[in-house]
Amino acid sequence: MIEWRRLSTGIRPVPDPVATPVIWGGAGFGALVLVATLNFLGGHGRPVFALVGLSLLAALLGLCARFVAAPGTAGLCWLFLNGFAIPPAGRLSWAVDRDAFWLACLLAAAVAGTALARIVNARAGYRRITPFGPRPGPPES
């Protein structure tokens, strides 16, 4: 016999992602704090450390975001990287090869974090939903 259940009631098998404006706010604030901390610790003028740190931040934010938030997250991180992690501070510039690579790294990190979260959540959700109930094990002797 088949028992029909609504999947939308009760606990959701897959958690909802965080709203995009919240992710972008976290990206802006997190990038500001990260770049300021790196500049305070002597990393001003060394954009590799800032790029790695901001890529990790974008990936962490991607873990709880939608795919739609990835370009904005990468753009906000790039603005702080370009504006405050390389001299002269506070002035945006565009060097085609360098900045395109930085944007690609930040976007790839944000998309990779989101994809990883979707895969992990889908696997966990698949395991939570059992259409036939718990499967009986071998009889105990």
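In this predicted model, the contact between helix 2 and helix 3 is formed by P47, A50, L51, L54, L57, A58 and L61 on the side of helix 2, and by T73, C77 and L81 on the side of helix 3. By residue class, this contact comprises nine nonpolar residues and one polar residue, with no charged residue.

The geometry of the pair can be stated briefly. Two packed helices are described by the angle between their axes and the distance between the axes. Helix 2 spans residues 47–62, and its axis comes within 10 Å of that of helix 3, with a crossing angle of roughly 155°. Because angles over 145 degrees count as roughly antiparallel, helix 2 and helix 3 are roughly antiparallel to each other. The crossing of helix 2 past helix 3 is right-handed.

T73 belongs to helix 3, which covers residues 70–84. T73 is buried, because its relative accessible area of 2% falls under the 20% cut-off. Leaving aside residues up to four places away in sequence, T73 touches I23, W24, A27, A58 and L61. Of these partners, A58 and L61 are also listed among the helix 2 residues that meet helix 3.

An unreviewed UniProt entry lists residues 22–41, 48–81 and 101–120 under "transmembrane region". Two of these spans are described below.

| Span | Distance between end C-alpha atoms | Helix | Strand |
|---|---|---|---|
| Residues 22–41 | 28 Å | 95% | 0% |
| Residues 101–120 | 28 Å | 100% | 0% |

Notes:
Residues numbered from 1 in each chain as written. Predicted model: local features only at pLDDT ≥ 70, side-chain atom pairs only at ≥ 80, totals over all residues. Heavy atoms only, no water. UniProt positions renumbered as here; feature names shortened; annotations may be inferred. Helix = DSSP H or I, 4+ residues; strand = E, 2+ residues; numbered from the N terminus. Buried < 20%, exposed > 50% of the residue type's maximum accessible area, 1.4 Å probe, protein only. Contact = heavy atoms within 4.5 Å. Axes fitted to C-alpha atoms, helices over the stretch in contact; angles between N-to-C directions. Parallel < 35°, antiparallel > 145°, perpendicular 65-115°, else oblique. Left-handed = near helix turned anticlockwise from the far one by under 90°. Nonpolar A, V, L, I, M, F, W, Y, C, P; charged D, E, K, R; others polar.
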